[in-house]
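Colleague: I am new to this structure, and I would like to go through a few of its local features with you. Could you show it to me before we begin?

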Amino acid sequence: MADAFFVILAALYALSVAVGIVSLSGRGAELDTDLACYAFAMAGEHLPDNFHADPLLREATPANSLWNLQQFAAEILTPGDQYAVGLLRAGALIIFVYLTGMYLLGRWLYGRPGPALILALLMSITVWVGWGTFWGVTHSDPIPRTFFAALWPFMLMGAMTALRHAAWRPAVMLVAGLGMWVHSLGALNTGAMFFLAFAFHRPQGWTWSRHILSLVLCLVVYFVPVLLFLWPSLAQKQALGPAELETFHALFSQRWAKDYGHFARRLALFLSLDKPVFWILLAGLGSWFVVLRHGSERLRRLASMCPAFVLALALVATFSWLESLLAPRMGRLPMAHEFVRGLRYLLPLAWILIGGALGLLWPRFSGWLRTGFCALAVLLLLLCNGDRQNMAALYAIAEKTGLPLPYVSRAEEDAARAKSHREALEALRELTVPGDVVFSNSGDLGVRHIAQRGLFLTFKDGYHPYYNKNLDQARQWLANEKLRTQSPAGYVDVWLNSGLPWLISDRPEDRDTLEKYGQVVWENPGWLIVRRKADISASPAGISASPVGVPAAPVDVSAPPPPPAGAPPAEPQDAPR
């Protein structure tokens, strides 16, 4: 009865998210930039003629044409050509799977619904771990890492079962390898965790030769899908000359150094006393000792696997650091810098162990106290959580019931801003024709997936020339960013230098400047659409215009330009691979 009640509650919550997030985002106008990348990839696949001049979508590359489970689910749930809405619906669905999976994991480990509910709630709390990533499910729009996290409890139960029934170990490793089509970083870290756990646990009665053969088989079935997934990238040119390396290093420094530079310093921040991560991991360590001694058979089995899990994550992080140091010396680009993000899997392990210790104490509480504690935990997490997805759920509930719920006023402001943004993108679609390329001062990816027009290179697009090793595009990106960051209105120089006639801007305060070079053909309180005058062919600084995607002139890329004065730091995101 309790299990069915939880599943119903999780389904109602996910449905509230699905309804609320569509309105909150302006039907996809305001999206997490990672999710927007998947939305425009879907648009490019379905409407190739609209993007024949787009610098990213005009041809398929390993960086813009990777298929994954999220896109598959979104294709099924997309109404018409509203690709962002399909992705948001798929995200709400995966929130349901995530909550249900964590609850079932707790039920399987603890044997009681109360601790299982607490585990599902703990797993939902957003905890930043550094390197631009976090553990949790409601902070932002779900992306592939969320999909993998939702499947992870089922994979963990499979690995724990295979620890006792060794014949299933290759099957578990195969599933981990197939996880590359869900989220590559999650699959690589989880595969390392499971393999070391199996390696450290030789089945009773097995000889060492049989155990080693089983491990070799595990590696083979794991790496077959991994290498199939990575082959398009591995088949690219790998060795680069000094000048090429210098250019790509400058791009990396400007695009990612904030998240991945200074490995030792970031590791120290990860474990610093003023971060919640340290205290959660410390509580998890204490719970590990308790569970190892007093836990149920399943909990003790999990506790016996934890040292291997921790060692595997440490080895992957070390490999990430060493590869970033050694690759340039070998004339190659660092490609494993994101692997260190796998350290986030320490958090769910800690939460599971903490839940296990709580489960041991649970029978000592009276029935009314257990019920009250569960109800209070649900209410606190629902009403005191300002994360985007939870705010969307509260917004939808308040719209239907009229209840004065928290965060609703903030949600209304976000919805109004997103509606204004959506109006601008729809107007842009009406004013332009398929095949046009538009310039956006803010790198508005909605130009691609809502207006369905080409978009000039944006800051976010820096991943494309890096992973594709496109030297000309990398130089163009650096030249653009150097111009753009010279002043708050530096984007005007980049627009004029691009030679593009259309501009969409979220800076109506720049109207007077823009009217010197173009005509404002549409506007609302937050957005302007400008068409450049026919006789304006160069920037005010006298830089000659150049075709889209071709650098105007050689630039000094030995060091990244400084950020604009007073500009807020960009929120870190996972770049799609």
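Modeller: A residue is called buried when its relative accessible area is under 20%, exposed when over 50%, and partly exposed in between, with a 1.4 Å probe and protein chains only. This is a predicted model, in which local features need pLDDT of at least 70 and side-chain atom pairs count only at pLDDT 80 or more, while totals for chains, interfaces and linings use all residues. Residues are numbered from 1 along each chain as its sequence is written, and side-chain values use heavy atoms, with hydrogens and water left out.

Colleague: Is Cys 374 buried or exposed?

Modeller: The relative accessibility of Cys 374 is 11%. Because that value falls under the limit given above, Cys 374 counts as buried.

Colleague: Why is Cys 306 without a bond to the closest cysteine sulfur?

Modeller: A disulfide is a pair of cysteine sulfur atoms within 2.5 Å, and by this rule the count comes to zero disulfides. Cys 374 is in none, with the nearest cysteine sulfur, that of Cys 384, 17 Å away. For Cys 306 the closest cysteine sulfur is in Cys 218, which is too far for a bond because the distance is 19 Å.

Colleague: Which residue stands opposite Phe 439 in strand 5?

Modeller: Strands are DSSP runs (E, at least two residues) numbered from the N terminus, and two of them pair if DSSP finds at least two bridges between them. Strand 3 (residues 437-440) pairs in the parallel sense with strand 5 (residues 502-505) over three bridges. Within strand 3, Val 437 and Phe 439 point one way and Val 438 and Ser 440 the other way, all of them buried. In strand 5, the residue opposite Phe 439 is Leu 503.

Methods. Helix = DSSP H or I, 4+ residues; strand = E, 2+ residues; numbered from the N terminus.
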